[in-house]
Structure formats: structure tokens, C-alpha cells
Amino acid sequence: MNNNFRGGFGGGFGGANLQNLMRQAQKMQEDMQKAKEELEAKEFTASVGGGMVQVTMTGDRKVTNISIKPAVVDVDDIETLQDLLIAGVNDALSQIEKEEKASVPQIPGM
């Protein structure tokens with residue numbers, strides 16, 4: 001009886017290839033973490049309403065500053081100010097998402 005099976009990963013399974021694959025996976029994970037940390041440290045500023053409202057966020061989606069020009073503050077038209085704030089936050093979030101897709105490596109199939 002001829003048994004060609006070799007135990008462990010060193011046999012017909014390609015142990016060296018598996019080690020290389022593991023190293024590549026670890027490197028990819030390290031690259032992803034580094035890119036994520038760099039993104040989180042960046043600031044993104046959205047300016048809406050012709051510069052009347054500015055929203056600044058960090059890459060980890062924390063609002064760090066909101067600047068509102070006095071001319072946009074009208075007690076009889078609070079809705080416009082609310083809309084500008086929403087637009088500013090959404091624009092800053094869109095900038096972050098775009099930068100994230102461009103700079104953080106993605107795992108295929110995820």
C-alpha cells in the first residue's frame with residue numbers, strides 16, 4: 001500500500017507558499033491599519049451657503065468645529081440655518097468617505 005499523504009503543512013500542501021500568504025496577509029493588515037490611522041488624523045472642512053457655514057470634521061467622523069457667519073442667523077428663518085448645518089456635515093462626511101475609499105486598502109470581497 002503506497003501512501004503519498006505527508007502529514008503537516010510541509011508536504012503536498014505547500015508550506016512555504018502558506019507562510020508567504022500569511023506574511024502578505026499580515027502586511028496588508030498593517031497597511032490598512034496605517035492608512036486608517038492617517039485618515040483619522042486628517043481634518044476635512046466643508047463650506048456651504050457661499051461660505052456662510054463651515055463644518056470641520058476629523059477622519060474618524062468627529063465634528064471639531066462649526067463656524068457660522070452672523071448674516072445667516074435669522075430668528076425668523078431657523079430652517080435655513082438648520083439646512084446649512086445638515087448640508088455641511090453631510091458634505092464633510094462625503095469628503096471623508098471619498099478619501100477613505102482612495103487611501104485605505106480594501107480586502108477583496110468585503
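## Sheet, helix 2 and core

Me: Which residues of helix 2 are buried?
Reply: This is a predicted model, so take everything here as computed. Helix 2 has 26 residues and spans 38 Å from first C-alpha to last, close to the 38 Å expected at 1.5 Å a residue. Buried here means under 20% relative accessible area. The ones that qualify are Leu81, Leu84, Gly88, Ala92 and Ile96.

Me: And what do those buried residues of helix 2 pack against?
Reply: Helix 2 packs on the sheet, and its direction makes about 140 degrees with that of strand 1. Its buried residues pack against helix 1, strand 1, strand 2 and strand 3.

Me: In the open sheet, why is one side of strand 1 and of strand 3 left without a neighbour?
Reply: The three strands have the order 1-2-3, with antiparallel pairing. Strand 1 and strand 3 therefore lack a neighbour on one side because they stand at the edges, each with a single partner strand.

Me: Which residue in strand 2 does Phe44 stand opposite?
Reply: Strand 1 and strand 2 run antiparallel and are joined by six bridges. Away from its neighbours within four places in sequence, the residue we're after has contacts including Phe44, Val89, Ala92 and Ile96. Phe44's opposite number is Met57.

Me: Which element gives the most to the largest nonpolar core?
Reply: That core has 14 residues, and Val53, Met57, Val72 and Leu84 touch the most other members. Helix 1, strand 1, strand 2 and helix 2 each supply at least two of its residues. With four residues, the top contributor is helix 2.

Definitions and conventions: Residues numbered from 1 in each chain as written. Predicted model: local features only at pLDDT ≥ 70, side-chain atom pairs only at ≥ 80, totals over all residues. Heavy atoms only, no water. Core = buried A, V, L, I, M, F, W, Y, C linked by side-chain atoms within 4.5 Å. Buried < 20%, exposed > 50% of the residue type's maximum accessible area, 1.4 Å probe, protein only. Contact = heavy atoms within 4.5 Å. Expected span 1.5 Å × (residues − 1). Pairing = 2+ DSSP bridges. Axes fitted to C-alpha atoms, helices over the stretch in contact; angles between N-to-C directions.
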